[in-house]
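Q: Could you take a close look at one part of this structure, working through its pairing, its burial and its contacts, and then set it beside a few other places in the chain? I would like the answer to stay with what the model itself shows.

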Amino acid sequence: MDGDARINPYLSGNFAPVRSEDDFELTVIGEIPKGLRGTLYRTGPNPQFEPRGEYHWFSGDGMIHAFHVEDGKVSYRNRYVRTPKWEAENAAGRALWGAFGNPATTDPSVLGKDSGGVANTNIVFHAGKLLALEEGHLPFEMQPRTLESKGPVEPYKGRVTAHPKIDPKTGEMVWFGYGIGPMPFGTGISYGVTDATGKVVRRDDFEAPYSSMIHDFLVTDNYVLFPVLPLTGSLQRAMSGLPAFAWEPDKGSHVAVMRRDADVSTIRWFNAPPSYVFHPMNAWEEDGKIIADVFRYDSAPLFPNADGSPGAKSAARLVRWTFDLTGNSDAIKEEAIDDLDGEFPRFDERHAGLAYRHGWYAADPSGAKTIKQTAIAHLDLKTGKRQVYELSGGDMTSEPVFTPRSDSADEGDGWVTAVVWRAAENRSDFLVFDAQDVAKGPIGTAQLPRRVPFGFHGNWVSE
């Protein structure tokens, strides 16, 4: 069914599955910097079989794509994350679980069984382990060079976010889980910490105002923030044939703020008009306030309304949220930072949770309000200067990932890597940019003989 758009409009062109597991030495055009040594790992949904019921892009089986760079050369390898779901469906020769584990579209033979997830959203290296992540299950460990599936990491004892934050000072990995409870779409949230050695040292639960898809969160030097925004989950709705996740703006937007060294009972809730955020750029503390830069949508894209009707088209733009910790107001102050539609923000993560200057993101200069990102942007928050490298001919980019030139390099001094789909040839390229001059285009390109499916997130792991 490769390219079968009957399943879902996102399963066409670059969104269609690619089931093969391949290894390639790539042809290099230009120059891959000799100082760039390591691997860009990316993951994304790539369904093994035609899905049961309506397919959602977020629910496909995870496949890891690794671009290994050494001495100016680039090699590529991809492998499925062989979760229990993948193994069971591979043995059956067909899909068994419905999207998001929806009981209404799950095969009776596995009803009530935990699928083990799809591990399709992010891939992170911490404490010597390469972890494939999605937000409904345990982290799944992969072998870094071979991409062999090693299995779920049990000490986490429950679902873990796809977007943990690694503290640049302590090496701790700070994370959360949502939908916690005895039934699907619970209102519980877990807050967790894994120390620099890989030991889980904290996991505490608290209740949210309602069940929300909390894709990402924010961490500063001393605080953690959990955005509960009105993309809601409902088991009752799913069982009645309506969408499991849907946009309900009447629920309002709420953000829980807590000191990292405090108990969950100390949480303070801030509020804002309805909006949605998949991804923040960064957050930090300043003069008794928390400042958070986030890509905000007026409504959640890719999801319908609660009655099943199509959701409104919406694109994200970078805004700044301010939380006044010293005042009595629970209102979140918002101001616009940029006027370009974009997503997948990244920055120099040596400044994670701290004040920062440089950010990069995938952008859509057309204003079409789609997920088809056709440019890479760099924003200097000190000068306000923005650079944009626009693709042409229908080409689309993945999330741009920053890598510093060295551990001691100035903030933003280094390279940005991205995977770009070449629409006319239906194949992909691995691109390297000078991080401070993305507008001039890639300084090096490694060409793949086929397409890398459009996915979600990735990270650079240095040699």
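A: What follows begins with one strand and its partners, and then turns to the residues around them and to other places for comparison.

The model is a predicted one, and the part chosen here is strand β21, which spans residues 289-297 and is mostly covered, with eight of its nine residues buried. On one hand, β21 is joined by eight bridges to strand β20 (residues 276-286), and the two run antiparallel; within this pairing Tyr276 stands opposite Tyr297. The two strands make a hairpin with two residues between them, and in that turn Asp287 has a positive phi of about 50°. On the other hand, eight bridges also join β21 to strand β22 (residues 317-324), again in an antiparallel arrangement, and here Arg296 of β21 faces Arg317 of β22.

Packing can be followed from the same strands. The largest nonpolar core holds 70 residues, and those that touch the most other members are Phe226, Tyr276, Trp321 and Phe323. Nonpolar side chains tend to be buried together in soluble globular proteins. When residues up to four places away in sequence are set aside, Phe323 touches Leu225, Val255, Val257, Phe270, Gly288, Lys289, Ile290, Ala292 and Ile332. A second core, separate from this one, has 17 residues and includes Leu36, Phe67, Val74 and Val419.

Thr220 gives another view of the hairpin. This residue lies in the loop between β14 (218-219) and β15 (223-228), and Thr220 counts as buried because its relative accessibility is 1%. The side chain of Thr220 makes a polar contact of 2.7 Å with the side chain of Glu285. Not counting residues up to four places away in sequence, the residues that Thr220 touches are Leu225, Arg260, Ala283, Trp284, Glu285, Ile290 and Gly353. Leu225 and Ile290 appear here, and both are also among the residues touched by Phe323.

A sheet elsewhere in the chain can be set beside this one. Four strands form an open sheet in the order β10-β11-β12-β13, with antiparallel pairing; its edges are β10 (165-166) and β13, each of which pairs on one side only. Inside that sheet, strand β11 (residues 173-180) is held to β12 by seven bridges, and the two run antiparallel, with Gly177 opposite Ser190 of β12.

Asp195 is found in the loop between β12 (188-194) and β13 (200-207). Although Asp195 is buried, it has no salt bridge, and the nearest side chain of opposite charge, that of Lys199, is 6.0 Å away. The side chain of Asp195 does, however, make a polar contact of 2.6 Å with that of Thr197. With residues up to four places away in sequence left out, Asp195 touches His126, Gly171, Glu172 and Val201.

A last point of comparison is Ala132, in strand β7 (residues 129-133), which counts as buried because its relative accessibility is 0%. Ala132 and Val81 are 51 residues apart in sequence, yet their C-alpha atoms are 7.7 Å apart in space. Val81 is also one of the residues in contact with Ala132 once neighbours within four places in sequence are set aside, and the others include Ile64, Ala119, Ile123, Pro139, Phe140 and Met142.

Note on methods:
Residues are numbered from 1 along each chain as its sequence is written. This is a predicted model: local features need pLDDT of at least 70, side-chain atom pairs count only at pLDDT 80 or more; totals for chains, interfaces and linings use all residues. Side-chain values use heavy atoms; hydrogens and water are left out. Buried means under 20% relative accessible area, exposed over 50%, partly exposed in between (1.4 Å probe, protein chains only). Lys and Arg count as positive and Asp and Glu as negative; His and the chain ends are not counted. A salt bridge is a side-chain nitrogen of Lys or Arg within 4 Å of a carboxyl oxygen of Asp or Glu. A polar contact is a pair of N or O atoms within 3.5 Å; within protein, one must be able to donate a hydrogen and the other to accept it, and residues adjacent in sequence count only if both atoms are side-chain atoms. Contact means heavy atoms within 4.5 Å. Two strands pair if DSSP finds at least two bridges between them. A nonpolar core is a set of buried Ala, Val, Leu, Ile, Met, Phe, Trp, Tyr and Cys residues joined through side-chain atoms within 4.5 Å.
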